[in-house]
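Work through the exercises below with the structure in view. Try each task before reading its solution.

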Amino acid sequence: MPIIIATAVVTVIGLLCAVMLAIASKAFEVKTNPKIQQIRDCLPGANCGACGYAGCDGYAKALGENEEDRVNLCTPGAAKAAADIAEILGVTAAEVTKKVALVHCNGSCDNTEKKADYYGGQSCHAAKLIYGGDGKCVYGCLGFGDCVTVCEYDAIHIVNGVAKVDVDSCTACGLCAKKCPNALIEIITADKPVAVKCRNKDKGAVARKNCKVACIGCMKCQKVCPTGAITVADNLSTIDYEKCIACGACAEACPTGSIVFKK
Amino acid sequence: MDMLKNLIIIMMTSVLVNNYVLTKFLGICPFLGVSKKTNQAVGMGIAVTFVMLLATAVTWPIQEYVLNAFGLEYLQTIVFILVIAALVQLVEMFLKKSIPALHASLGIYLPLITTNCAVLGVCKNNITDEFGFVESLVSSLGAGLGFLLAMVLFAGVRSRIESSKPPKSFEGVPITLTAAAIVALSFLGFGGIIENLFA
């Protein structure tokens, strides 16, 4: 007899719970657009925020709810994601320009030196707290690889003491750019293979003393640039990629080799 | 006044002295799994606190008016698991519909704690300690806050571990467990405070 009561009690409690859940699942049903899930499946899921929305879920939701035609915002997913999403939404896909991350520093072990031995936590953010890092140049790459850790695609590595982007693997999600404590990394379009690989704002002589390939702010690049895309401010040259035609004249003129041009 | 004093003692006991994670070693799975980042640790901690409170509010009456009444105390574990699991599902559905923002921040942790042993442990201990309804609720709130405290403390410890270089053989899980043991050890220091709280 006791076992019957026990079984009955557990069964009744279980049934009550089941009924309650069954009613609740109807009462609290949330209607989701099935397209949102389909779109979400097309996205890479890195949650990098390159599209400007809060993660892949946010972007999928925005696309699904507003039937927007901005299907080409996902840079990691590139053309494939854009095409897939466009198919689901029934719109034509716009072209996705390939973008890559660019490290504005060339201060490898051959070009610059350490000013101190550092034995602290192996992270750029930690090292920067102590006199701006252990390198002679406080503007440059610290080389502890915070960007390497954060990269979802194994596209950035510390080579000879400086971060180097693997252009083929890079999806331009911008996680490394956000992570770098010296803000050395910029996302640019891949079709402009010219870059000022320096962010040193010290006067020319000081900058040059600390690093062989520093920008010394000599203005030569600004003068030779046919489109006026280069400006020198704070002893540092900057390229405006909107105007740049990637002719390579600046790299030829640069006396220190801080501007790099790869055809 | 005595009532209030009693409740404060119960609260402090379950937050510090009998901390569910660091002293009773319940709920270790989320403690180790979701303590990598502080904001996730806070989310998990709040979700656990919420579920503990709710679970106690439901399981205490069931124990008192159903199990005790039929003399079925030995069914406690199975009935509590059943009820807590169903309850968490219900809460998740409710949040999804009514407070989507809260669901988005809490939602991923809710299913994780459906059968968390700390939640079940709190409910069972409240009965074992012969607490009344209000005392049980205070005890669960304390247990939840203690869990939250342990999570946040340990998330801080872990972020320090991430940026240090332990010996190769200690990397990963071993160093995490060692750190957890040291944090737990430090909580033993709270052992004597309750007796002298109102002395």
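## Exercise 1: Two buried residues

Start with Thr176(B), which lies in helix α8 of chain B. The model is predicted.

**Task.** Decide whether Thr176(B) is buried or exposed, and find which residues Thr176(B) is in contact with, leaving aside its neighbours within four places in sequence.

**Solution.**
- Step 1. The relative accessibility of Thr176(B) is 9%.
- Step 2. Buried means under 20%. Thr176(B) therefore counts as buried.
- Step 3. Set aside the neighbours within four places in sequence. Thr176(B) is then in contact with Leu32(B), Phe154(B) and Arg158(B).

**Task.** Do the same for Ser136(B): is Ser136(B) buried or exposed?

**Solution.**
- Step 1. Locate Ser136(B) in helix α7 of chain B.
- Step 2. Relative accessibility is 0% here, so Ser136(B) counts as buried.
- Step 3. Leave out neighbours within four places in sequence. Thr56(B), Trp60(B), Asn126(B) and Phe131(B) are in contact with Ser136(B).
- Step 4. Check a distance too. Val122(B) is 14 residues from Ser136(B) in sequence, and their C-alpha atoms are 8.7 Å apart.

## Exercise 2: The plan of chain B

**Task.** State how many helices and strands chain B has. Then find what share of its residues is buried.

**Solution.**
- Step 1. Count the elements: chain B has 8 helices and 0 strands.
- Step 2. Read along the sequence. The pattern is α-α-α-α-α-α-α-α.
- Step 3. Turn to burial. Of the 199 residues in chain B, 45% are buried.
- Step 4. Look at sequence separation. Take contacts in chain B between residues at least 6 apart in sequence; 78% of these join residues at least 24 apart.

**Task.** List the buried residues of α1(B) and say which helices they pack against.

**Solution.**
- Step 1. The buried residues are Leu7(B), Ile10(B), Thr13(B), Ser14(B), Val15(B), Leu16(B) and Val17(B).
- Step 2. These buried residues of α1(B) pack against α7 and α8 of chain B.

## Exercise 3: The nonpolar cores

**Task.** Which residues of the largest nonpolar core touch the most other members? Which helix gives the most to this core?

**Solution.**
- Step 1. The largest nonpolar core has 52 residues. Leu22(B), Phe31(B) and Met44(B) touch the most other members.
- Step 2. Find the helices that each supply at least two residues. Chain A contributes α1 (2-27). Chain B contributes α1 (2-17), α3 (38-70), α4 (76-98), α6 (117-128), α7 (133-162) and α8 (173-187).
- Step 3. α3(B) gives the most, with 10 residues.
- Step 4. A second, separate core has 34 residues, including Val165(A), Val196(A), Ala229(A) and Ala246(A).
- Step 5. Return to Leu22(B). Not counting residues up to four places away in sequence, Leu22(B) touches Phe31(B), Ala150(B), Ala180(B), Val183(B), Ala184(B) and Phe187(B).

## Exercise 4: A helix pair across the chains

**Task.** Describe how α1(A) lies against α4(B).

**Solution.**
- Step 1. The two axes come within 10 Å and cross at roughly 10 degrees.
- Step 2. Angles under 35 degrees count as roughly parallel. α1(A) and α4(B) are therefore roughly parallel to each other.
- Step 3. α1(A) brings Val10(A), Ile13(A), Gly14(A), Cys17(A), Met20(A), Leu21(A), Ala24(A), Ser25(A) and Ala27(A) to the contact. α4(B) brings Val79(B), Leu82(B), Val83(B), Ala86(B), Gln89(B), Leu90(B), Met93(B) and Lys97(B).
- Step 4. Sort the residues of this contact: 13 nonpolar, 3 polar and 1 charged.

## Exercise 5: Two right-handed crossings

**Task.** At what angle do α4(B) and α6(B) cross, and which residues make the contact?

**Solution.**
- Step 1. The axes come within 10 Å and cross at roughly 130 degrees.
- Step 2. That makes α4(B) oblique to α6(B).
- Step 3. α4(B) passes α6(B) in a right-handed crossing.
- Step 4. Gln76(B), Thr77(B), Phe80(B), Ile81(B) and Ile84(B) of α4(B) meet Val119(B), Leu120(B), Cys123(B), Lys124(B) and Ile127(B) of α6(B).
- Step 5. By class, the contact has 7 nonpolar, 2 polar and 1 charged residues.

**Task.** Repeat the analysis for α2 and α3 of chain A.

**Solution.**
- Step 1. Helix α2 (residues 34-42) and helix α3 (residues 55-66) of chain A pack at about 135 degrees, with axes 8 Å apart.
- Step 2. α2(A) and α3(A) are therefore oblique to each other.
- Step 3. The crossing of α2(A) past α3(A) is right-handed.
- Step 4. The residues of this contact divide into 5 nonpolar, 1 polar and 4 charged.

Technical notes. Residues are numbered from 1 along each chain as its sequence is written. Chains are lettered from A and ligands numbered from 1 in the order in which they are written. This is a predicted model: local features need pLDDT of at least 70, side-chain atom pairs count only at pLDDT 80 or more; totals for chains, interfaces and linings use all residues. Side-chain values use heavy atoms; hydrogens and water are left out. Axes are lines fitted to C-alpha atoms, for helices over the stretch in contact, and angles run from 0 to 180 degrees between N-to-C directions. Helices (H or I, at least four residues) and strands (E, at least two) are DSSP runs, numbered from the N terminus. Angles under 35 degrees count as roughly parallel, over 145 as roughly antiparallel, 65 to 115 as roughly perpendicular and the rest as oblique. A crossing is left-handed if the near helix is turned anticlockwise from the far one by less than a right angle, and right-handed if clockwise. Ala, Val, Leu, Ile, Met, Phe, Trp, Tyr, Cys and Pro count as nonpolar, Asp, Glu, Lys and Arg as charged, and the others, Gly among them, as polar. A nonpolar core is a set of buried Ala, Val, Leu, Ile, Met, Phe, Trp, Tyr and Cys residues joined through side-chain atoms within 4.5 Å. Buried means under 20% relative accessible area, exposed over 50%, partly exposed in between (1.4 Å probe, protein chains only). Contact means heavy atoms within 4.5 Å.
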